[in-house]
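Work through the exercises below with the sequence and the 3D view side by side. Try each task before reading its solution.

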Amino acid sequence: MSKPSLSGTAPFVLSILDNALTGVGVSAQESYEEVIELARLADRRGFQRFWMSEHHAMPGASISSPQLMMARLTGETERIRLGAGGIMLPNHVPLVIAEQIGMLEALAPGRIDLGLGRAPGTDGATAAALRRHHASNEDFPEQVAELLGFLGHDFPQGHPYKEVPAVPGPWQTEQNRVPQPETNADIWILGSSSYSAQLAARLGRPYAFALQFGSADILTALRIYRENFRPSSFLAEPYSLVSVGVVADEDRVEARRQSASGAMAMLRMFQGKPYSLLPPEEVEAYQATLQERAVIEEYTDRSIHGTAAEVAAGLEALHAQTGVDEVMLVVIGHSRRAQARTVELIADHYGMPIN
């Protein structure tokens, strides 16, 4: 993995995470069209990566298979790296993921990222339906090792899958007597705990910390990652990324309203209701109890929201605190227009290119 250049005048690399948020009143088709437009915008403005994350059984998030949208985006973008950030590996068979990533890398050489997580990306009942042959995600490290073995076609002698190739991949290239590709997909470990930090360090892989999920101890996780990092053939020194919910708008009140829509969706999940993104007007009209209001306020404030300058100040404070190499903006809010405006305003603030 090569270390990317800083983004404009920002003291860090900037990337985007889009979960295809689909607010009440918006169809999945409309949401996908907006995802494509946002990827094009991020590509033109010089962002490093455009990732999507796997979610299931949520009316407010429409990407259950990031790989499918990545395939479309290989033809819609030119330079930006495209990623599944992430694939919840215990939901899948590693061989199939290796085959899919091989196809994507062949479609967009040197532009594919694969972030691996172990959470189900859904509720317990849906997780049980997805993981019918897995009692738990305890074997996540073994699943990661198996996936890497398929991607590199380098299982050790005696391994039961030694002669099982992932196609496309190194085995097919060798069999067809053509040169091996100069690039491969970059494999990341995702998480929000010391568990994932230890695994990323042991494997010598880049580490992405998901701060948008709550107030997890990012400083401890990053310290563990850096102190225990083992250089590998893929990465010589630690490389870390933090993803965080962001809303930027010329009107800081509107930015907060959009953030509150996501906070309300979290409250609904805690109440056993579907994760639905209500319009800001409905959130404001909701007659919340004191306890509910506290949850909404807490999750609203977990995002960085406000004017572009205020958001940038928040991002820079987070960078100063964590020392991460890269900050990934998780676009949030009920309005897809607001999400695109966030990307534009942050790119303008840091003087990123206009292509």
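**Exercise 1.** Which residues form one aromatic cluster with Y207?

Solution. Start from the rule: rings of Phe, Tyr and Trp (its six-membered ring) pair if their centres lie within 6.5 Å, and planes under 30 degrees apart count as stacked, over 60 as edge-to-face and the rest as tilted. The cluster joins Y207 with F209, Y225 and F229. The model is a predicted one, in which local features need pLDDT of at least 70 and side-chain atom pairs count only at pLDDT 80 or more, while totals for chains, interfaces and linings use all residues. Residues are numbered from 1 along each chain as its sequence is written, and side-chain values use heavy atoms, with hydrogens and water left out.

**Exercise 2.** How many aromatic pairs does a search of the whole structure find? Describe the pair of F12 and Y350.

Solution. The search gives ten aromatic pairs. In one of them, F12 and Y350 meet edge-to-face, with 6.0 Å from centre to centre and 75 degrees between the planes. This pair links distant parts of the chain, since F12 belongs to the segment before strand 1 and Y350 to the segment after helix 13, 338 residues apart. Helices (H or I, at least four residues) and strands (E, at least two) are DSSP runs, numbered from the N terminus. Both F12 and Y350 are buried, where buried means under 20% relative accessible area, exposed over 50%, and partly exposed in between (1.4 Å probe, protein chains only).

**Exercise 3.** Describe helix 13: its span, its packing and its two ends.

Solution. First, the span. Helix 13 covers residues 336-349, 14 residues in total, and reaches 20 Å from its first C-alpha to its last, close to the 20 Å expected at 1.5 Å a residue. The expected span is 1.5 Å times one less than the number of residues.

Next, the packing. The buried residues of helix 13 include R336, Q339, V343 and I346. The elements that the buried residues pack against include strand 1 (13-17), helix 1 (28-44) and helix 9 (252-270); contact means heavy atoms within 4.5 Å.

Last, the ends. At the start of helix 13, a side-chain oxygen of S335 comes within 3.2 Å of the backbone nitrogen of R337. After the helix comes G351, with a positive phi near 60 degrees.

**Exercise 4.** Why does the salt bridge between R336 and D18 tie together parts that are far apart in sequence?

Solution. A salt bridge is a side-chain nitrogen of Lys or Arg within 4 Å of a carboxyl oxygen of Asp or Glu. The count by this rule is 23 salt bridges. One of them joins the side chains of R336 and D18 at 2.6 Å, N to O. Because R336 lies in helix 13 and D18 in the loop between strand 1 and helix 1, the pair ties together parts 318 residues apart in sequence. R336 and D18 are both buried.

**Exercise 5.** Is D186 buried or exposed, and which residues are linked with D186 in a network of salt bridges?

Solution. D186 counts as buried, at 15% relative accessibility. The network links D186 with R49, R81, D113 and E326. Within it, the side chains of D186 and R81 meet at 3.4 Å, N to O. D186 is in strand 5 (residues 186-191) and R81 in strand 3 (residues 81-88), 105 residues apart. R81 is buried too, at 12% relative accessibility.

Conventions
Polar contact = N/O pair within 3.5 Å; in protein donor to acceptor, adjacent residues only side chain to side chain.
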